[in-house]
Structure formats: C-alpha cells, structure tokens
Amino acid sequence: MKPRGGVSRGSKFIDLEGSIKVRSYVYLGTQEDSVANSGGFVGIMLQESFLGRSPVTLGRFVDHIEHVMKIGGEDLPALGSDYDGMITPPLSLPTPLAYPRIVDEMLKRKFSETAIRKFLGGNVLRVIEAVRG
C-alpha cells in the first residue's frame, strides 16, 4: 500500500505511540490517519505504560504494529524504541537484543519480509529521504 498522501516536506510522524486502546482510554485513530495521509510514519515506542497493562508481552507489542498497519498499511508503522534510559521497557523486550524476537513474532504472524524491513527502519528512511530531497 502506498502512503495515501505521498511523502512531502510536510509529512508527519508520531514517535511516542501506544496505538491500541489501553486501560480505560478511548483510542481515536485521527492522529494515525493524519500521519498516513501525509505519507509519514508512526513509531511504536517500547514504553510499557503506553502498550497496555503490565506485564506487556512480545505479542502485545506486535498487536500494536498490526493495529497501525490496519490503519495505514505497511508504510505506516516504525520501530520507535526510545531505549535512551527514559523509558521502562516491557520485561519481554528489555534491550535492543530482543529485536530478533520481534522479527520472529512478526514472521509467525505472516508479516511479509518487506513489511518487516519497513517497520525496522525502511519507513523512517523513506520519510527522511523524501523530506531531505
């Protein structure tokens, strides 16, 4: 699926995202729709409190990827890990050394290799390249 709005200097991105209804918050897809329409990306952050009730499983994290993909296709989700010491990552994904486990779970769920590459960095690079010109 191509970005709905094409990529331009005005492309948007969200990098602090827990996208599924968590706790009692109501999920509204308007931000994600806006980003999808701009040709941008949504970075899914590994902050446990953004991803649902503790303990957050690897499966729950991949649920978020699937949810964002349902909104805007494989060009929308991106890894927004934020492993900078300012987050509390899920126990199941404590460091970047867990990335292969994310890929394994995505493959089990029949994500295409292209979708996985886009999630792991391709979508971010696409937007950066388009905005830089």
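In this predicted model, helices H4 and H5 cross in a right-handed way. Two packed helices are described by the angle between their axes and the distance between the axes. For H4 and H5, the angle is about 150 degrees, and the axes are 10 Å apart. That makes the two helices roughly antiparallel, since an angle over 145 degrees counts as such.

What meets what where these helices touch? On the H4 side you'll find Ile102, Val103, Met106 and Leu107, and they meet Ile116, Phe119 and Leu120 of H5. Sorted by class, this contact has seven nonpolar residues, with no polar and no charged ones.

Between H4, which covers residues 99–108, and H5 there's a loop, and Lys110 sits in it. Take a look at its backbone: phi of Lys110 is near 70 degrees, a positive value in a residue that isn't glycine. Is Lys110 buried or exposed? With a relative accessible area of 73%, Lys110 is exposed, because anything over 50% counts that way.

Now back to Phe119, one of the H5 residues that meet H4. The structure holds one aromatic pair. Its partners are Phe61 and Phe119, set edge-to-face, with 6.3 Å from centre to centre and 65 degrees between the planes. The pair ties together distant parts of the chain: Phe61 belongs to helix H3 (residues 58–72) and Phe119 to helix H5 (residues 113–132), 58 residues apart. Both Phe61 and Phe119 are buried.

It's a good moment to step back and take in the whole chain. It has five helices and three strands, and from the N terminus on they run β-α-β-α-α-β-α-α. Of its 133 residues, 44% count as buried. Contacts that reach far along the sequence show up here too: among those between residues at least 6 apart, 76% join residues at least 24 apart.

For some closer views, start with Val56, in the loop between H2 and H3. Its relative accessibility is 3%, so Val56 counts as buried. The C-alpha atoms of Val56 and Leu91 are separated by 7.2 Å, although these residues are 35 apart along the chain. Leaving out residues up to four places away in sequence, Val56 touches Glu48, Leu51, Pro90 and Ser92.

Glu48, one of those partners of Val56, is found in helix H2, which spans residues 48–51. Does this charged residue end up buried or exposed? Glu48 counts as buried, because its relative accessibility is 12% and the cut-off is 20%. Setting aside neighbours within four places in sequence, Glu48 is in contact with Ser54, Pro55, Val56, Thr88, Pro89, Pro90 and Leu91.

Pro89 also takes us to the last stop, since it's among the residues that Tyr83 touches. Where is Tyr83? Look in the loop between strand E3 (77–79) and H4. Tyr83 has 24% relative accessibility, so it counts as partly exposed. Besides Pro89, its contacts are Leu46, Leu93, Pro94, Thr95, Pro96 and Tyr99, again without residues up to four places away in sequence. Tyr83 and Gln47 are 36 residues apart in sequence, yet 9.0 Å apart in space from C-alpha to C-alpha.

Notes. Residues numbered from 1 in each chain as written. Predicted model: local features only at pLDDT ≥ 70, side-chain atom pairs only at ≥ 80, totals over all residues. Heavy atoms only, no water. Phe/Tyr/Trp six-rings, centres within 6.5 Å; stacked < 30°, edge-to-face > 60°. Helix = DSSP H or I, 4+ residues; strand = E, 2+ residues; numbered from the N terminus. Buried < 20%, exposed > 50% of the residue type's maximum accessible area, 1.4 Å probe, protein only. Axes fitted to C-alpha atoms, helices over the stretch in contact; angles between N-to-C directions. Parallel < 35°, antiparallel > 145°, perpendicular 65-115°, else oblique. Left-handed = near helix turned anticlockwise from the far one by under 90°. Contact = heavy atoms within 4.5 Å. Nonpolar A, V, L, I, M, F, W, Y, C, P; charged D, E, K, R; others polar.
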